[in-house]
Amino acid sequence: MKRRDTKQILVGRVAVGGGAPIPVQSMTNTDTRDPQATLAQIEACAAAKCDIIRCAVPDEAAAKALKEICAASPLPVIADVHFDYRLALAALEAGAHGLRLNPGNIGARAKVVAVVAAAKERNVPIRVGVNAGSISPRLRARIDAGELPLSEAMAESALEHVHILEGCGFDQIKVSLKASDVLTTIAAYRALAPRVPYPFHAGITEAGTARSGAIKSAAGLGVLLMEGLVDTLRVSLTAPPVEEVFAGREILKSFGFLANSYRLISCPTCGRTEIDLERIAAKIEQYLIQRDPPLTVAVMGCVVNGPGEARHADVGIAGGRGKGVLYRKGRIVRECMEQELTQALIDEIERLCEENR
Ligand code: SF4
């Protein structure tokens, strides 16, 4: 797939756009005024291989706490600010590596100029983030009058914000256009793509819970990835942020990104399964998330079809009655009792990693 040509911006040390690897983002849902709780969540996201984190900055106390958060965060921190330019200035002062702020919503031009000057001085980019529910009353009226589809209005709205920033001589911009409806989101990104040179932050907003939201996000992001319209992504879930990171990374892997990360193949189980494969697969996945070896690992229910179906796996197990086999590249290494299978697979993965080092 060919990615869209865009400018490249830097969120802290993380490049976005211009052909850079696609960073996975998430957002803390702790009270930002509580730096310890927020940092603990950021640490968890970093351990899950999140690349960029965003924190809401709803008031002055949150902006103050951001200083401690930014200083200790292992990830670049984006401050999410609405309406109040003083909070944006305070967040920049606190060391935020990025801002999410719609300049058209903060009032007089002088306020935008002040924020842009402070962002420029620190080389901090600004994301224009248009959500379907937050477009201006003027554009809303045109939608209601049937003059514009929602997706086009979202693109128009983003352009208005972008032009305000450009009018202040600022081009360290990325743009998001999110709706909770997948087709609207896709149409909005398609509409804006030829009209701006800036990288896209992609996602489906208010997508749902860990299960339904991840599926909906995969559907929308899948199309956008295939069309080269994703420069960074967030999977927005009603769930702990680590779940968003996990889902985001799995979506990227499905499209061939993150080549150095693990791939887990596990069979759906059937009437031939005679071991507790669900439990084993869950344990192995937990281990793989932590260890993240650059290997394809298979957890299969039976020796009849298992190794054959997972022929391209580097290493795997296949179950039998109360026992199973360990195999490498489709060839059996040895037989183990069911209770030893999980550890045997982990040991074999470690051995392979050692050999490949
Ligand atoms: Fe069934 Fe075996 Fe295929 Fe798993 S690998 S689904 S147990 S046939």
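This report walks through a predicted protein model, from its overall build to its ligand site, its largest pocket and three single residues.

## Overall build

The protein has 357 residues, and buried residues make up 53% of them. Its secondary structure consists of 12 helices and 15 strands. Measured out along the principal axes, the C-alpha atoms fill a box of roughly 75 × 45 × 30 Å.

How do the contacts spread along the sequence? Take the contacts between residues at least 6 apart in sequence: 63% of these join residues at least 24 apart.

## Around the ligand

Which residues surround the ligand? One stretch of the shell holds Cys-267, Pro-268, Thr-269, Cys-270, Arg-272 and Thr-273. The shell also includes Gly-301, Cys-302, Asn-305 and Glu-309.

By class, the shell has four nonpolar residues, four polar ones and two charged ones. Arg and Glu count as charged, so Arg-272 and Glu-309 are the charged pair.

## The largest pocket

The largest pocket has a volume of about 310 Å³. Three elements each give two or more residues to its lining: helix H1 (35-47), helix H9 (241-254) and helix H10 (277-291). Helix H9 gives the largest share, six residues.

In total, 17 residues line this pocket. Those nearest its centre are Ala-48, Val-242, Phe-246, Gln-286 and Ile-289. What classes make up the lining? Seven residues are nonpolar, three are polar and seven are charged.

## Ile-284 in helix H10

Helix H10 also holds Ile-284. Is Ile-284 buried or exposed? Its relative accessibility is 0%, so Ile-284 counts as buried. The cut-off for buried is under 20%.

Set aside the neighbours within four places in sequence. Ile-284 is then in contact with Leu-264, Val-297, Val-299, Thr-342, Leu-345 and Ile-346. Thr-232 makes a useful reference point for distance. Ile-284 and Thr-232 are 52 residues apart in sequence, and their C-alpha atoms are 28 Å apart in space.

## Thr-185 in helix H7

Thr-185 sits in helix H7, which covers residues 182-192. Why does Thr-185 count as buried? Its relative accessibility is 0%, and therefore it falls in the buried class.

The side chain of Thr-185 reaches a backbone atom. That atom is the oxygen of Asp-181, at 2.9 Å. Beyond residues up to four places away in sequence, Thr-185 touches Leu-177, Lys-178 and Ala-179. It also touches Gly-203 and Ile-204.

## Glu-152 in helix H6

Glu-152 belongs to helix H6, residues 150-167. Its relative accessibility is 22%, so Glu-152 counts as partly exposed. Partly exposed residues fall between the buried limit of 20% and the exposed limit of 50%.

Which residues does Glu-152 touch, leaving out those up to four places away in sequence? They are Ala-191 and Arg-195. Ala-191 is 39 residues away along the chain, yet the C-alpha atoms of Glu-152 and Ala-191 are separated by 6.4 Å. With Arg-195, the link is between side chains: Glu-152 makes a polar contact there at 3.0 Å.

Definitions and conventions. Residues numbered from 1 in each chain as written. Predicted model: local features only at pLDDT ≥ 70, side-chain atom pairs only at ≥ 80, totals over all residues. Heavy atoms only, no water. Helix = DSSP H or I, 4+ residues; strand = E, 2+ residues; numbered from the N terminus. Buried < 20%, exposed > 50% of the residue type's maximum accessible area, 1.4 Å probe, protein only. Polar contact = N/O pair within 3.5 Å; in protein donor to acceptor, adjacent residues only side chain to side chain. Contact = heavy atoms within 4.5 Å. Near = heavy atom within 4 Å. 1 Å grid on protein atoms, 1.4 Å probe; cavity = no way out; pocket = protein on both sides within 12 Å on 5 of 7 lines; lining within 4 Å. Points joined across faces, edges and corners; volume = space filled by probe spheres on them.
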